[in-house]
Amino acid sequence: MSFFRQLLSNRKANIGLTLLGVFVLIATIGPYLVRDASEFLTTPLSPPDSEFWLGSTSQGQDVFAQTIVGARTSLLIGFLVGIVVVAIGATVGIAAGFFGGWVDDVLSLLTNVFLIIPGLPLAVVLAAYLEAGPVSIAFVLILTGWAWNARVIRAQTLSLRRKDFVAAAIVAGESRLRIMFFEILPNMTSLIVSGFIGATVYAIGAQVGLEFLALGDVSKVTWGTNLYWAANNQALLTESWWTIVPTGVCVALVGFALVMINFAIDEITNPRLRSEGGWKAVVRAAGVTPGFSTPVLRRGSLADSNALADSSAPALSKEAS
Amino acid sequence: MTYILRRLGFYLIAAWVSLTLNFFIPRFAPGDPASALQARFQGKLEPSAMAAMKVAFGLTDEPLHVQYFTYVKNLLRGDLGTSIAYFPAPVSEVIGKALLWTLFLAGLAVLVSFALGTLLGILTAWKRGSWLDSVAPPTFIFLGAFPYFWMAMLLLYALGFVGGWFPLLHAHSSHLSPSLSLEFIGDALYHAVLPAGSIVIASLGGWLLSMRNTMIGVLSEDYITMAQAKGLSERRVMLHYAARNALLPNVTGFGMALGFVLSGSLLTEIVFSYPGQGYLLFEAVKSQDYPLMQGLFLSITVAVLAANWLVDIAYVWLDPRTRS
Amino acid sequence: MSSTPPPAASRARPGEPLLSVRDLCVEYVTPTGPVRAVDRVSFEIGRGQVFGLAGESGSGKSTAAMAAMRLLQPPAVITGGEVHYEGRDVLAMGEDELRAFRWKEIALVFQSAMNALNPVLTVGAQIADVIERHENVSSAQALERAAELLALVGIESSRLRSYPHQLSGGMRQRVVIAIALALNPPLLFMDEPTTALDVVVQKEILQQIAELKERLGFSILFITHDLSLMLEFCDTVGILYAGRLCEVAPAKELFANPQHPYTRGLMRSFPELHGPKQRIEGIPGSPPDMRSPPSGCRFHPRCSVAIPVCDQEQPQLITLAAPALARAVGAETDTPDAPVGQQRGHRVACHVAAQTAGSSDV
């Protein structure tokens, strides 16, 4: 079964993909369906009611509209940064792992240094010197976020390099670039996907953080600036919880969806992590409590169990005469 | 021992890369923040301080390498320039006091979160499919998906404003001055409950998940089967055979994640007006205090590097294989 | 070993084997249905005897042994058969009973000592913890015993404080044996105890095991894929193929007169040390996919002498009649005074062998 088919048949992945799909849909068409998110529309700081479902901000803007509109920039930057980060990570990681020697020494050192330098303070310094806005934020996030993927992909490249098909390609005289991107890269699909997801989670979170610090363009409506204005206008003192809760919950739901997909990828690539649910169900169905020692289920109990009703293996049915 | 020294060498390189980045960022930034800065400071600073500031921002006409050496020399003397927001205090002095509060808050939160997450990871992996295993990981993954500062705002709102059980801001009550008295320490801990608590809640899931994953990997090792075959008690197999080994890769991960968690805790400080590095960073951004911002970047980096070195020492203590 | 009691030989009842495994079945629960890894395997081990279980990797030999100690992890389940140890029903034991039973009665020697030893605990701690667990002794006494056990396998007591990575491969394997002997168990399961070592060390370790067995009188279940080791070491040998026993016989008899085509194939795939040079031939094909094993005799797709019935009916293990054996191997038949519990006779599960040799059903 291919990696993507396995992903689609995993329950956690399905939860994550569905949730993510909803948010992508909201970000795409949502802004056309709601009121203007920047306009002064109603009494400032009015709590949620039937007209303004999530109440209004201290500027009298519609919180519901702001939440929907904010999704667009935040998700777009998140995914873009995710893609670029994975591309850089893959290039650096594969190059380091494939060439080895001094190339690896230099790239690994660089990777490890960027991994250990705390991202937010560096991002703040960078963002402060750049013109405020989504492009600067994206640039800063890429610079502070690429290292993790490079490290993981380098490790995987090292182990793939020892495989026969790579050795064969080298002996056959294929060009190095070809081997790196047509032999090695396709064998890291799951790693690339999970790296992309991880980078996107980071990008969305860090972007919200930087904008909360007023390092974004505060005139644009994004999830980060929503929270910045809420905090700036003393949302807590005025007890207007509706100005912070919706955006925070959206950020968390997107993050949760992405992490669930990564959780599923872990399960697919590492069979040990897969749930032992089937085994447990079979053992329980036979009236035995699962423990640390191998359970004893008397003859026939396995084939009778409902948990494996679709059992096609002949083991018990045919031969247990 | 060679391991520890090798790591130290790496941290020195990392520190050098950081300070070099710090040197070049203002010089290569688009626009001209440096001359804007000069305009702002004209007439405010003494000539000597002005000169130092010029050096720090590449406003001298000297060639780049000379500027660089002057910059490094000043850094080694502990001279990070003068703060604008806290004018005329030197940056090093402004940072000095705040660093302790950050180390206290972030250190407390990280240790509690790592310990709790690891413990939950051990238990969920050991009793797979149990009630705990089906509830704890998804719950903490979900909680971990919230931005740290948002979690801080929520706790502050619910337990501070509405509940009124915890102080709303600052690191200690204003009527107490910092000392090592029991009263002051208790007061500081009381003030740390909400900010540290929000960091713990938001970061616990990561430790839980990685410990659970490595535990599950370790549980299929032969030495675990052997321990079970020896008839050892469940506790001994779980802690001394499984968890002791699963802890090792997680301690390495702990070091690498420190910078990340610290970044989150900086934002948390802002929510609670906690007088640490994060709050200063916020002030620096608000008043465009570039010297302070850059000084903070360096001091936070050095703190993270030092913490990582401590983690390395702990690792050597935990893994006998690194000792020889 | 002055402080350890002699093996539980006193509990011996005449006519009863130490370990008796009957029709043991082990299955793995998989999303596509159960996979039977061990299918109705039976064998007995008498006191002081060495029973060998041979087969390719994946044939179920380790699985059968681990199942007998109830040590298989999910998704394995035992779905049938009986395991009796000195009359005690191992399959009916509860968790606590099993913890007390393990190592005290049956200890394990793993294939790879590097993987079997906990890398973060000292050798001493790993010997002492099992003694403290099962016997009412202080930790000082347990460490003293650990030193004695190391001496028994020829390692100086200063190594108690060493960690596994500080020892050579041979030493690690000796440590594993010392841990196995810690409670002076009547029975040892040895799963390829020397495969991970180089040939010289292999010989040394095997010799040491033989000497210790002589001295302490324990029985052994010896698991290997190396038939020449079997001949040297075992009293009785069982050959497993795809989870089923296909031939069981006294070691010498099996080597002199293999009946099952698979056994013969296995023998041909090893060079003979003595006797005329023979071409080494492997067995064509590869072991079956256990998710959908072949019908009838599981070996028939690879068998050169298969007849029509082979893919229809599963052959039963039958005892070859004595005359057939006499005809085949001359004087060398079962000695009437063979120790109690030893597998008598020569049993084979093969339609072809049954036809040609003449047999009596069990």
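**The interface of chains A and B, and salt bridges of chain C**

In this predicted model, the contact between chain A and chain B, where contact means heavy atoms within 4.5 Å, takes 51 residues from chain A and 57 residues from chain B. The area buried between them is about 5,000 Å², with carbon and sulfur atoms giving 81%; buried area is the accessible area (1.4 Å probe) that two parts lose on being put together, summed over both. The residues on the side of chain A that touches chain B divide into 38 nonpolar, six polar and seven charged, where Ala, Val, Leu, Ile, Met, Phe, Trp, Tyr, Cys and Pro count as nonpolar, Asp, Glu, Lys and Arg as charged, and the others, Gly among them, as polar.

Across the interface of chain A and chain B the rule finds zero salt bridges, a salt bridge being a side-chain nitrogen of Lys or Arg within 4 Å of a carboxyl oxygen of Asp or Glu. The structure nevertheless holds 23 salt bridges over all chains. In one of these, D129(C) pairs with K230(B), the closest N and O atoms being 3.1 Å apart; D129(C) also meets R236(B) in a salt bridge at 3.0 Å, N to O. With a relative accessibility of 6%, D129(C) counts as buried, whereas R236(B), at 21%, is partly exposed (buried means under 20% relative accessible area, exposed over 50%, partly exposed in between; 1.4 Å probe, protein chains only).

Residues are numbered from 1 along each chain as its sequence is written, and chains are lettered from A and ligands numbered from 1 in the order in which they are written. Local features need pLDDT of at least 70, side-chain atom pairs count only at pLDDT 80 or more, and totals for chains, interfaces and linings use all residues, while side-chain values use heavy atoms, with hydrogens and water left out.
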